[in-house]
Amino acid sequence: MTDLIQAALEGQKKAYAPYSKYEVGAAILGEDGEIYSACNVENASLGLSICAERSALFQMVAAGCHAVEACAVATVDGGAPCGACLQVMQEFARDPQKVSVTMVDAEGRQTRRSLSELLPFPFSSF
Ligand code: THU
């Protein structure tokens with residue numbers, strides 16, 4: 001878990017957030033044992049910005065892994081991933097009750113919840 005949090009904190013250092021100034025780092029542990037980390041990347045056309053969590057999840061999928069085991073997110077205030085990112089995480093969660101999401105703030109305080117706690121009613125079309 002420490003490695004995952006460290007990777008999220010490293011990702012946060014690379015955040016490109018000149019508009020919101022809200023820097024986010026995320027790290028995903030795939031079931032392949034690899035850690036995928038990323039940061040938020042904003043754009044002058046604000047809607048084109050991408051969250052750190054989705055960027056890390058998409059890296060996992062692009063590497064050929066389709067299952068997330070855990071996630072860590074680093075922000076100034078220990079905020080949880082947004083609903084869109086949680087829904088994308090759900091897509092690649094074998095058992096959402098077992099996927100842990102750890103939020104860490106600027107003081108190093110950690111909060112941990114399962115994906116199903118954070119997204120109790122995920123969308124499903126089938
Ligand atoms: N952001 C994330 O990276 N992850 C989230 O789950 C929520 C928000 C980013 C998007 C934007 O760059 C900034 O935080 C402020 O919304």
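## Close-up views of a predicted model

**View 1. The largest pocket and its lining.** Helix H2, which runs over residues 52-62, gives the most to the lining of the largest pocket, contributing three residues. As in every view below, what is shown belongs to a predicted model. The largest pocket holds about 220 Å³ of space, and of the 19 residues that line the pocket, those closest to its centre are Tyr22, Val24, Asn40, Cys51 and Ala52.

**View 2. Helix H2 and the elements that cover its buried residues.** Ala52, Glu53, Ser55, Ala56, Leu57 and Met60 are the buried residues of H2, and the elements covering them include S1, S2, S3 and helix H3, the last of these spanning residues 83-91. Just after H2 comes glycine 64, which takes a positive phi of about 100 degrees.

**View 3. Glutamine 59 on helix H2.** Glutamine 59 is placed in helix H2, where, with a relative accessibility of 35%, glutamine 59 counts as partly exposed. When residues up to four places away in sequence are not counted, glutamine 59 touches Tyr36, Ser37 and Ala38. For one of these partners, serine 37, the C-alpha atom lies 8.2 Å from that of glutamine 59, although the two residues are 22 residues apart in sequence.

**View 4. Alanine 67 in the loop between H2 and S3.** Alanine 67 lies in the loop that joins H2 and S3, and with a relative accessible area of 2% this alanine is buried; the cut-off for calling a residue buried is under 20% relative accessible area. Leaving aside residues up to four places away in sequence, alanine 67 touches Leu29, Gly30, Glu31, Met60, Phe92 and Arg94. Met60, one of these contacts, is itself among the buried residues of H2. Glycine 25 serves as a reference point elsewhere in the chain: its C-alpha atom and that of alanine 67 are separated by 20 Å, and the two residues are 42 residues apart along the chain.

**View 5. Helix H1 and its buried face.** Helix H1 covers residues 2-13, a run of 12 residues, and from its first C-alpha to its last it reaches 17 Å, which is close to the 16 Å expected at 1.5 Å a residue. Its buried residues are Leu4, Ile5, Ala7, Ala8, Gly11 and Gln12. Seen down the axis of H1, these buried residues fall within an arc of 160 degrees, so they line one face of the helix. That set of residues packs against five strands, namely S1 (25-30), S2 (35-39), S3 (68-74), S4 (100-104) and S5 (110-114). On the other side of H1, by contrast, Thr2, Asp3 and Lys13 are exposed.

**View 6. Lysine 21 in the loop between H1 and S1.** Lysine 21 has its place in the loop between H1 and S1, and its phi is near 65 degrees, which is a positive value in a residue other than glycine. At 63% relative accessibility, lysine 21 counts as exposed.

**View 7. The cysteines and the absence of disulfides.** A search of the whole structure finds zero disulfides. Cysteine 51 is in no disulfide, and the nearest cysteine sulfur to it, that of cysteine 85, is 3.8 Å away. Cysteine 82 is likewise in no disulfide, its nearest cysteine sulfur being that of cysteine 85, at 3.7 Å. Neither pair counts as a disulfide, because the two sulfur atoms would have to be within 2.5 Å. Cysteine 51 is partly exposed, with a relative accessible area of 23%, and cysteine 82, at 33% relative accessibility, also counts as partly exposed, whereas Cys85 is one of the buried residues of H3.

**View 8. Helix H3 and its packing.** The buried residues of H3 are Cys85, Leu86, Val88, Met89 and Gln90. They pack against H2, S3, S4 and helix H4, which spans residues 115-118.

**View 9. Valine 99 in the loop between H3 and S4.** Valine 99 is placed in the loop between H3 and S4, and at 3% relative accessibility this valine counts as buried. Not counting residues up to four places away in sequence, valine 99 touches Val68, Glu69, Ala70, Met89, Ala93, Arg113, Ser114 and Leu115. Among these contacts, Met89 is a buried residue of H3, while valine 68 is 31 residues apart from valine 99 along the chain, with the C-alpha atoms of the two separated by 7.1 Å.

How values were computed: Residues are numbered from 1 along each chain as its sequence is written. This is a predicted model: local features need pLDDT of at least 70, side-chain atom pairs count only at pLDDT 80 or more; totals for chains, interfaces and linings use all residues. Side-chain values use heavy atoms; hydrogens and water are left out. Helices (H or I, at least four residues) and strands (E, at least two) are DSSP runs, numbered from the N terminus. The expected span of a helix is 1.5 Å times one less than its number of residues. Buried means under 20% relative accessible area, exposed over 50%, partly exposed in between (1.4 Å probe, protein chains only). The arc is that of the directions from the helix axis to the C-beta atoms. Contact means heavy atoms within 4.5 Å. On a 1 Å grid over the protein atoms alone, a cavity is a set of points where a 1.4 Å probe fits but cannot get out, and a pocket is an open set with protein on both sides within 12 Å along at least five of seven lines; lining residues have an atom within 4 Å of a point. Grid points are joined across faces, edges and corners, and a volume is the space filled by probe spheres set on the points.
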